[in-house]
Amino acid sequence: MKKMLRILGVLVVLAIVGLLAFIYVPVQTTPPKEILAADGKIEPGRGEYVMRAGDCMACHTATGGSPLAGGRGIESPMGTIWSSNITPDKETGIGNWTLDQFRSAMVDGVVNGKHLYPAMPYENYRFMSESDIQALYTYLMNDVKPVKNEVQATELAFPFNLRFGIRAWNWLALSGDSSFKPMEGGNDQQLRGQYLVEGAGHCAACHSPRTAFMAQDGTRLGDANFLTGGELEGWSVPALRGPNSGIEKWSVADLAAYLGTGRNVHAIANGEMALAVEHSLQYLNDQDLNAMAVFLKSADGQSVQEAPKQVAAPGPRPMPAAPADEAGQATAKMLTAASPDMPLGARLYLDNCAACHFVTGKGAPEIFPELQGNAMVQGKDPSPLLSVILNGTSVPSTDRRPMHLVMQGYSDRLNDEEVAALASFVRSGWGNKGGEVSADQVAKVRSAAVQH
């Protein structure tokens, strides 16, 4: 008995020693993939371009706040995480950081031994080149105006407030190799697109599913679940790969236009994707937008389609509304007849939606999106569609498409039962295969909007 107690005591001591070592032994950061010259020159504009490609502005700028001065609340399953001030202010920003410290944050999510919450997508940024990280650091330090802004501290509930636990999370979440792995047989255009999608663009942060540990289940092309659909703030995010992906039927030109303008002949961007277009993607050049589109369209081994010479070429040009196709003819015929005994959902559609999206459900190219075959409309989770119906949406103005498009919300005009009937009709009309929506689901989305 005494022997067993001694063994147990030794095990307890070893466990305590191991825990203390886990907490206090300095974190070993990932070594650089290449050694850059300390006096290497960075071409003008490159650092700002990397900042745009990385979408730093969207997360690190609060509504009404100074650019990159932090303070935006980012919702997570653990609670609200407040983005940091990344201006070169020495008191409240990153003005005292060295390049090595900045690189450690980008690649390992660690600064001076303190772990960053993975709302910072270092799972993806770690695939960026050393020269791009250096260019970004140089831009933030030399070209961004210092802003003194003490950001609200992130206070998560136990045990998520114990940041040393992220060390264990990193062991599970991060690939041991942070080097870029080019797709087999890819040409220069595909490889550039792959680099942007996997690294700075951090597309997997939203478009890949999450593991039980809330890590990205697929951060690059070799991972089985890479870009197969995710979840953001409780809402489904469409897949960018696979037979039923949101972009399956889009051309390379369609996808490049969507990335650069937030709109194409099929869809418009909303929510977080609209922010990505507004603050990041619209600033990429045509070559990079085409490269991302070509990579995404060929990621599963499809033949590479020809990219447009110019992304979203300026008009005017004829873009007539598409007629009803075979799958949508029955719905279009019913709506055109406008019989008084139509189902409630169809009548509500005629009253509120048909003027823009038409009886065909095809909408107007680059203005009012298609409802037929729309990934958001047919999604397993109807919450994004319900939010748009209730609260409206907007598409940002961009250089390539300067018109700011706004759809009104109907929360004051339609009750929960009416919104449910309308959404159910849209999700089943024109051959769509979405499920029925209940009034309780509408009430939940309406309540969430009020709380925010």
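User: Let's begin with Lys145. Where in the chain does Lys145 sit?

Analyst: Keep in mind that this is a predicted model. Lys145 belongs to the loop that links α6 (130-142) with α7 (165-173).

User: Is Lys145 buried or exposed?

Analyst: The idea is to look at relative accessibility and compare it with a cut-off: over 50% is called exposed. Lys145 has 67% relative accessibility, so it counts as exposed.

User: Okay, and which residues does Lys145 contact, leaving aside its neighbours within four places in sequence?

Analyst: Those partners are Thr87 and Pro88. You can also look at C-alpha atoms: the ones of Lys145 and Ala69 are 9.5 Å apart, although 76 residues separate the two along the chain.

User: Now for the helix before that loop. How do I check the length of α6?

Analyst: You work out the expected span and compare it with the model. With 13 residues at 1.5 Å a residue, α6 should span 18 Å, and its end C-alpha atoms are 18 Å apart, so the two agree.

User: How many residues of α6 are buried?

Analyst: 10 of the 13, which makes α6 mostly covered. Among them are Ile133, Leu136, Tyr137 and Leu140, but also Glu130 and Asp132.

User: And what do the buried residues of α6 pack against?

Analyst: They pack against three helices: α2 (46-53), α4 (99-108) and α8 (188-198).

User: What's the general idea behind a nonpolar core?

Analyst: In soluble globular proteins, nonpolar side chains tend to be buried together. Here, the largest nonpolar core has 61 residues, and Met106 and Leu140 touch the most other members. Apart from that one lies another core, of 25 residues, including Leu335, Cys353, Leu386 and Leu422.

User: Which residues is Met106 in contact with, leaving aside those within four places in sequence?

Analyst: Met120, Tyr122, Tyr125, Arg126, Met128, Ile133 and Leu136.

User: Leu386 came up in the other core. Which helix holds Leu386 as a buried residue?

Analyst: Leu386 is one of the buried residues of α17, along with Leu385, Val388 and Ile389, for instance. Helix α17 covers residues 383-391, and eight of its nine residues are buried. Right after α17 comes Gly392, with a positive phi near 75 degrees.

User: How about a polar residue, Thr261? Is Thr261 buried or exposed?

Analyst: Use the other cut-off here: under 20% is buried. Thr261 has 0% relative accessibility, so it counts as buried. This residue lies in helix α10 (residues 252-261).

User: What does the side chain of Thr261 reach?

Analyst: The backbone oxygen of Ala257, at 2.6 Å. A polar atom of the Thr261 side chain also lies 2.9 Å from the backbone oxygen of Arg263. Not counting residues up to four places away in sequence, Thr261 touches Val277, Ala312, Val395, Pro396, Thr398, Arg400 and Arg401.

User: On to strands. How do β1 and β2 run, and how many bridges join them?

Analyst: First, the general picture: in a regular strand the side chains alternate between the two faces of the sheet. In this model, β1 (residues 73-76) and β2 (residues 79-82) run antiparallel and are joined by four bridges. Gly73 stands opposite Trp82, and the two strands form a hairpin with two residues between them.

User: Finally, how many helices and strands does the chain have?

Analyst: There are 19 helices and eight strands. Of the 452 residues in the chain, 46% are buried. The accessible surface comes to about 23100 Å², with 57% of it belonging to carbon and sulfur atoms.

Notes
Residues numbered from 1 in each chain as written. Predicted model: local features only at pLDDT ≥ 70, side-chain atom pairs only at ≥ 80, totals over all residues. Heavy atoms only, no water. Buried < 20%, exposed > 50% of the residue type's maximum accessible area, 1.4 Å probe, protein only. Pairing = 2+ DSSP bridges. Contact = heavy atoms within 4.5 Å. Areas by Shrake-Rupley, 256 points an atom, 1.4 Å probe, with all protein chains shown as cover. Core = buried A, V, L, I, M, F, W, Y, C linked by side-chain atoms within 4.5 Å. Polar contact = N/O pair within 3.5 Å; in protein donor to acceptor, adjacent residues only side chain to side chain. Expected span 1.5 Å × (residues − 1).
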